[in-house]
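Open the model in your viewer and keep the selection panel at hand. The tour below goes from one selection to the next.

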Amino acid sequence: MNFNFSFAIEIIPRVLEGIGNTVMIAVISFIGAAALGLFWELLRRSHTTVRPVIQFVIDAIRSTPALVQIYFLFFVLPYYGVTLPALLVGSFGLSFYYSGYMSEVFKAGIDAVPAGQSEAAQSLGLSWADMIRFVILPQMLRNVAAPLGAYSISILKSTPLLAVISVPELLGSALDVASDTYRYAEPMFDVGVLFLAMSLVAVAGITQLERRLGLTAPSH
């Protein structure tokens, strides 16, 4: 069976039915991963007694495949009375998985803030929470903009994993077309092109953000 370019164009509207969920999942998962990753890092820094426990949690998250974690949430939790919609499980699964990586990003970003900033805040009598909120985090955000942008694209490209739990995203829509027509090359080609286009748009947006923050020099 030869590749049919006309058929690939013809089925684009059906494949595109999943693009809304793909973008929504990517955005929600990025926000969730960033929030949870920052939580892990602040908790790791809060007290020396909890640091080894949080470090173990982060290492465990990063050392197990995302697909295994998603399968666990979707297929194992119901045995314990916890049944969640596939879309919610998928979004939380990606958030949880990437939070382990983002916690390390935030760690590097906080470590890059000059130690004198913390010392000055302490000398002014700021509490630990106020020092983090008003002194450390605003300076850290500039340091982590580029790596967070890179992870946002990684999360976008990981959304097809959710097709295994029947989330109707791009790959799920393409697989529906393939099962109806018994042609797989063309739907997969469309998915690849669409993800390439979305990734290129995201890269352009991240590059523009980095320039606005003064992280990269404009090209001449």
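**Two crossing helices**

H3 and H6 are oblique to each other, because their angle falls outside the ranges for roughly parallel, perpendicular or antiparallel. Note that the model is a predicted one. To see the crossing, select H3 and helix H6, residues 86–111. Their axes come within 5 Å and cross at roughly 45°. The crossing in which H3 passes H6 is right-handed. Now colour the residues of the contact of H3 with H6 by class: they divide into 17 nonpolar, 7 polar and 6 charged.

**The largest pocket**

Stay on H3, and select Val23, Ala26, Val27, Phe30 and Ile31, which are among the residues that line the largest pocket. Add Ser152, Ile153, Leu156, Met198 and Ala202 to complete the lining. The pocket has a volume of about 170 Å³.

Which helix gives the most to this lining? H3 does, with 5 residues. Helix H8 (128–158) and helix H10 (185–212) each supply at least two residues as well. By class, the lining has 9 nonpolar residues, 1 polar and no charged.

**An aromatic pair**

The structure holds 11 aromatic pairs. For one of them, select phenylalanine 3 and phenylalanine 189. Their ring centres are 5.2 Å apart and their planes stand at 75°; planes over 60 degrees apart count as edge-to-face, so this pair is edge-to-face. Phenylalanine 3 sits in the segment before helix H1 (5–10), while phenylalanine 189 is in helix H10. The pair thus links distant parts of the chain, 186 residues apart.

Technical notes
Residues numbered from 1 in each chain as written. Predicted model: local features only at pLDDT ≥ 70, side-chain atom pairs only at ≥ 80, totals over all residues. Heavy atoms only, no water. 1 Å grid on protein atoms, 1.4 Å probe; cavity = no way out; pocket = protein on both sides within 12 Å on 5 of 7 lines; lining within 4 Å. Points joined across faces, edges and corners; volume = space filled by probe spheres on them. Helix = DSSP H or I, 4+ residues; strand = E, 2+ residues; numbered from the N terminus. Nonpolar A, V, L, I, M, F, W, Y, C, P; charged D, E, K, R; others polar. Axes fitted to C-alpha atoms, helices over the stretch in contact; angles between N-to-C directions. Parallel < 35°, antiparallel > 145°, perpendicular 65-115°, else oblique. Left-handed = near helix turned anticlockwise from the far one by under 90°. Phe/Tyr/Trp six-rings, centres within 6.5 Å; stacked < 30°, edge-to-face > 60°.
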